[in-house]
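Biologist: Before I rely on the terms used for this protein, I should like to see the reasoning behind them. Could we go through them in turn?

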Amino acid sequence: MSGRDLFCQPRRFGRGAALTLVFASVLVAGAATGSLPGDPGEGGRSASGAAPSPAGHAEDVTRAAEEAAADGKSPMEAAERAVSRSGDRWAAVYSEGEYEEFEASLDGRYTGVGLEARGDRDGRIEVTKVQSGSPAAAAGVRAGDRLRSVDGRSVEGLPVTDVVSLLRGDATGATVGSTVRLGLERGTRAWTETLRRALLSTDSVTVRRLSDDTTVITVAAFTKGVGDSVRSAVRRTPAGAGIVLDLRGNSGGLVTEAVSTASAFLDGGLVATYDVDGDQRALHAQGGGDTTSPLVALVDGGTMSAAELLTGALQDRGRAVVVGSRTFGKGSVQMPSRLPDGSVAELTVGHYRTPSGHGVDGRGITPDLEADDGALERAETVLSGLGDVP
């Protein structure tokens with residue numbers, strides 16, 4: 001599983017998102033989110049994650065915050081206690097500033113050092129990408145370097161989500177300009193580098209040509225504008241060429257952008273259904289997408305939330321062959337509410353399902369073809385076969 005320090009989850013939260021349809025994930029390496037239009041300040045609500053007894057649960061949390069405010073106590077702390085008692089593992093409580101930062105991440109901005117990393121089978125953490133112009137790039141960190149520690153804590157054996165959270169400084173509320181000390185290794189050389197976190201912009205969509213016959217479109221997260229970027233990439237793909245849509249390590253994001261991405265490959269029709277407090281709703285693709293280019297969706301255990309929604313739509317609609325390993329299993333819906341002190345509580349209110357009615361939460365999506373190492377090569381092989389089908 002891989003991740004970047006873009007979306008990470010503060011340890012005390014279980015983050016969610018907002019109903020531009022952000023079906024939040026756990027901010028993977030951190031997890032990401034998912035959200036629908038709505039401003040919590042105006043009673044608007046958001047959609048992200050999963051949970052038990054929605055309506056009563058939300059009322060309990062809100063009541064606890066209001067009672068704390070009336071007693072001169074912290075509404076945010078009261079809400080956190082109520083959430084911890086609720087059993088809602090996807091619920092999140094943000095301070096006003098944290099929520100603003102969270103929303104900024106959905107605009108493709110984040111606080112970090114510019115590293116992407118993955119864990120290998122031996123539990124070692126390897127740097128897979130260094131963002132150009134980032135603090136990590138300025139310090140000379142390279143893809144292929146091994147990350148051994150963060151602020152003196154060994155990261156060997158830790159989930160990538162936890163490593164990214166340490167890089168971001170989520171547990172301490174680290175801000176732009178704060179420092180983080182990295183223990184690194186390259187070959188026989190081991191050294192320590194102290195970096196200052198910066199406000200960075202992420203390129204959530206990257207496109208590369210593997211050959212004249214194969215284009216790989218990688219979507220790291222569903223931030224604003226991703227759907228348009230994917231559609232542009234599809235239009236630029238040579239006629240008859242196959243497409244690999246790489247969603248590995250994609251922790252989710254704005255569901256509107258996931259639906260927009262689905263529209264690049266579908267000619268209208270159902271993308272997913274979801275419920276909010278028992279009210280059934282549906283998401284549909286726009287017409288006019290590319291329905292002829294051979295398509296493989298590449299997924300893994302880091303494919304979450306809105307990315308699972310997209311994968312399920314392409315699989316159920318028979319538009320893509322899904323290759324990789326079982327996805328994470330985050331298919332719940334949360335909505336945010338503004339608390340008396342300006343903080344925001346995001347609480348689970350329902351779940352979404354794929355077009356065939358498959359529930360994702362706690363189950364994930366099973367690929368059509370299992371592949372771990374060499375998954376991309378397997379995807380190319382599948383594409384070559386699909387291209388032969390008239």
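The exchange below sets the terms applied to this predicted model against their cut-offs.

Biologist: What does the secondary structure of the protein chain come to, and how much of the chain is buried?

Modeller: The protein chain has nine helices and 23 strands. Of its 390 residues, 56% are buried, where buried means under 20% relative accessible area. The accessible surface is about 15400 Å², and carbon and sulfur atoms contribute 45% of that area. Among contacts with a separation of 6 or more, 68% join residues 24 or more positions apart.

Biologist: What makes the pairing of arginine 146 and glutamate 156 a salt bridge?

Modeller: The rule asks for a side-chain nitrogen of Lys or Arg within 4 Å of a carboxyl oxygen of Asp or Glu. For arginine 146 and glutamate 156 the N to O distance is 2.4 Å, so the pair satisfies the rule. Arginine 146 belongs to strand β8 (residues 146-150), and glutamate 156 to the loop between β9 (153-154) and α5 (160-168), 10 residues apart. By this rule the count comes to 12 salt bridges.

Biologist: Why is glutamate 156 called partly exposed?

Modeller: Partly exposed covers the range between the buried limit of 20% and the exposed limit of 50%. Glutamate 156 has a relative accessibility of 44%, so the term partly exposed applies.

Biologist: How do you know that arginine 146 and glutamate 185 also form a salt bridge, and which parts does the pair tie together?

Modeller: Their side chains meet at 3.4 Å, N to O, which is within the 4 Å limit. Because arginine 146 lies in strand β8 and glutamate 185 in strand β10 (residues 179-186), the pair ties together parts that are 39 residues apart in sequence. Arg146, Arg148, Glu156 and Glu185 are linked in a network of salt bridges.

Biologist: What makes arginine 209 and aspartate 212 a salt bridge, and is each of them exposed or partly exposed?

Modeller: The distance is 3.6 Å, N to O, so this pair too falls within 4 Å. Arginine 209 is partly exposed at 45% relative accessibility. Aspartate 212 has a relative accessible area of 62% and is therefore exposed, the limit being over 50%.

Biologist: Why is α6 called roughly parallel to α7?

Modeller: The axes of α6 (residues 226-236) and α7 come within 7 Å and cross at roughly 15°. Angles under 35 degrees count as roughly parallel, so α6 is roughly parallel to α7. The crossing is right-handed. On the α6 side the contact is made by Val226, Gly227, Asp228, Val230 and Arg231, and on the α7 side by Glu257, Ser260 and Thr261.

Biologist: What makes helix α7 mostly covered?

Modeller: Helix α7 spans residues 255-263, and eight of its nine residues are buried. The buried ones are Val255, Glu257, Ala258, Val259, Ser260, Thr261, Ala262 and Ser263. The α7 residues in contact with α6, namely Glu257, Ser260 and Thr261, appear in that list.

Biologist: How do you know that glycine 288 is exposed, and what does it touch?

Modeller: Its relative accessibility is 66%, and exposed means over 50%, so glycine 288 counts as exposed. Glycine 288 is placed in the loop between β18 (279-284) and β19 (295-299). Leaving aside residues up to four places away in sequence, glycine 288 touches Leu266 and Asp267. The C-alpha atoms of glycine 288 and glycine 268 are separated by 7.1 Å, although these residues are 20 residues apart along the chain.

Key:
Residues are numbered from 1 along each chain as its sequence is written. This is a predicted model: local features need pLDDT of at least 70, side-chain atom pairs count only at pLDDT 80 or more; totals for chains, interfaces and linings use all residues. Side-chain values use heavy atoms; hydrogens and water are left out. Helices (H or I, at least four residues) and strands (E, at least two) are DSSP runs, numbered from the N terminus. Buried means under 20% relative accessible area, exposed over 50%, partly exposed in between (1.4 Å probe, protein chains only). Contact means heavy atoms within 4.5 Å. Accessible areas come from the Shrake-Rupley method with a 1.4 Å probe; for residues, only the protein chains shown count as cover. Axes are lines fitted to C-alpha atoms, for helices over the stretch in contact, and angles run from 0 to 180 degrees between N-to-C directions. Angles under 35 degrees count as roughly parallel, over 145 as roughly antiparallel, 65 to 115 as roughly perpendicular and the rest as oblique. A crossing is left-handed if the near helix is turned anticlockwise from the far one by less than a right angle, and right-handed if clockwise.
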